[in-house]
Amino acid sequence: MLNNIKIIDGGICAVEDVKAAGSRVGKYGLAVIESKNSTASGVFTSNKVVAAPVIHTREMIKGGKLSLVVVNSGNANCFTGEEGVADCVKTIKFASELTGVSADEIATASTGVIGRKMPMDTILPLVEESISKLENSPENSTEAAKSLMTTDTYHKEFAVEVALEEGTVKIGGITKGVGMIAPNMGTMLCFLATDAVISSEDINKALKEAVNKSFNMIVVDGDESTNDMALLMANGKSDVEVVKDGVIDENFQEALNFICISLAKMMARDGEGATKFIECKVNGAKSDEDAIKASKSVISSSLVKSAIFGGDPNWGRIVAAVGYSGCEMDQTMITIALSDDNGNESILVNKGEILAFDGTESLKKAEEIMQEKHVNILVDLYQGNSTATAWGCDLTYDYVKINAEYTT
């Protein structure tokens, strides 16, 4: 239990009356999520090349209502022109006929190869199959999450229960994405549901804060996708209002942040070809913006990521990444340390003084830490009181191999 937050089983189906299902044929998958009569909002890619389902859902969600989400994997339906838009509309119409849900309450999302026509003769039968299997069960949440996978090596789902003054609410979610992951969201899809009572306007506020602290703080490769989408649906089944006098309950917000951070960390751990998970925490920044810049810069650095893959505690690459991040810093004050999940820590640089020379205990311990699967980087700037944490993974030979062969 963390500040009234309890991790529970069930993924997105941990929430009452939320149904899900997934189907797959070869490299193509199809998930359907149903949360009838929900208030909803979303956050989308900032890439200027935008996939057809993002264009549709971004417009549709302005109405603040959502009952059904249809998601396909294997094809991004992006850079496909008018035909791509027509295929999106065709999918929505078909799902509407099968479920009786109004077309203006159906969102679509896609992930996969960019610039290829949608194989509608494969997609539509998968829509029908998934809709026929819709059910509120943990197994169905898992199947839906699995159907979203492209180069993911495992499915990603999470759920929490949070105790508020007025009662208990649940939040569940599924996500996918391990490549084209960069600041400002990556090739990631995230679908969240809650039984809380909350307006679409307040959902938008809460979701943006959660996304900024989670999905916008992970980096796998620095490439921003065309299909990014995070949606939150609230069906109100708990009868618990989470906004009072215009203020979102801080425990609800913390729970939403927590589930999004947990899902984001799963994505970073599963980065394409990754062998190590990296967490970079920056303390002592002059402002929140500076802390974010510095932590993202370290996590984004190909040189830092390569060094971690090779087990090289190269503090010079870390300090250089902080230096070009644009944050306020003084190189005579910076402290850099490494740690692992076993409680081992090595201070490489202490207030500008290098401690990790050849033959030192500091360097030896750092080299041992670098062999672990989870490497923590701690940077203290001694410029202020702001802090931020970013997550990522190492850069490996397999990342190049996966992406060299992606469309074949």
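**Entry 1: cavities**

I began with enclosed space and found that the largest cavity has a volume of about 70 Å³. The model I am working from is a predicted one. My count of cavities of 30 Å³ or more came to two.

I then listed what lines the largest cavity: Leu-30, Pro-53, Val-70, Asn-72, Asn-77, Cys-88, Thr-91, Thr-108, Ala-109, Ser-110, Met-118 and Ile-123. Which elements supply at least two residues each to this lining? I noted strand E4 (65-75), helix H2 (81-99) and strand E5 (106-113). Strand E5 provides the largest share, three residues. Sorted by class, the lining of the largest cavity contains seven nonpolar and five polar residues, and no charged ones.

The second largest cavity has a volume of about 50 Å³. I recorded its lining as Val-304, Ala-307, Ile-308, Asp-312, Pro-313, Asn-314, Ile-318, Leu-338, Met-370 and Ile-377. Helix H8 (residues 302-310) gives the most to this lining, with three residues. By class I obtained eight nonpolar residues, one polar and one charged for the second largest cavity.

**Entry 2: a residue of helix H8**

While at helix H8, I looked up Ser-302, which lies in this helix. Is Ser-302 buried, partly exposed or exposed? I entered Ser-302 as partly exposed, because its relative accessibility is 44% and the partly exposed class runs between 20% and 50%. I also checked its spacing to Leu-395: the two C-alpha atoms are separated by 6.9 Å, although the residues are 93 apart along the chain.

**Entry 3: the largest pocket**

I turned next to open space. The largest pocket holds about 330 Å³ of space. Its lining consists of Glu-209, Asn-212, Lys-213, Met-217, Ile-261, Lys-281, Asp-288, Ile-292, Thr-387, Ala-388, Thr-389 and Trp-391. Helix H5 (200-213), helix H7 (288-300) and strand E18 (386-393) each contribute at least two residues to the pocket lining. Which element has the largest share of this lining? I found that strand E18 does, with four residues. By class, I noted five nonpolar, three polar and four charged residues around the largest pocket.

**Entry 4: helix H4**

I asked which residues of helix H4 (residues 138-147) are buried. My list reads Asn-140, Ser-141, Thr-142, Ala-144, Ala-145 and Ser-147. I then looked for what covers the buried residues of helix H4, and the cover includes strand E2 (19-25), strand E3 (28-44), strand E4, strand E6 (156-164) and strand E7 (167-176). Strand E4 had already appeared in my notes on the lining of the largest cavity.

**Entry 5: cysteines**

How many disulfides does a search of the whole structure find? My search returned zero. I went through two cysteines to see why.

For Cys-260, the closest cysteine sulfur is that of Cys-190, at 5.3 Å, which is too far for a bond; the cut-off for a disulfide is 2.5 Å. I also noted that Cys-260 is buried, with a relative accessible area of 0%.

For Cys-393, the closest cysteine sulfur belongs to Cys-280, and at 14 Å this is likewise too far for a bond. Cys-393 counts as buried too, because its relative accessibility is 0%.

Technical notes:
Residues numbered from 1 in each chain as written. Predicted model: local features only at pLDDT ≥ 70, side-chain atom pairs only at ≥ 80, totals over all residues. Heavy atoms only, no water. Buried < 20%, exposed > 50% of the residue type's maximum accessible area, 1.4 Å probe, protein only. 1 Å grid on protein atoms, 1.4 Å probe; cavity = no way out; pocket = protein on both sides within 12 Å on 5 of 7 lines; lining within 4 Å. Points joined across faces, edges and corners; volume = space filled by probe spheres on them. Nonpolar A, V, L, I, M, F, W, Y, C, P; charged D, E, K, R; others polar. Contact = heavy atoms within 4.5 Å.
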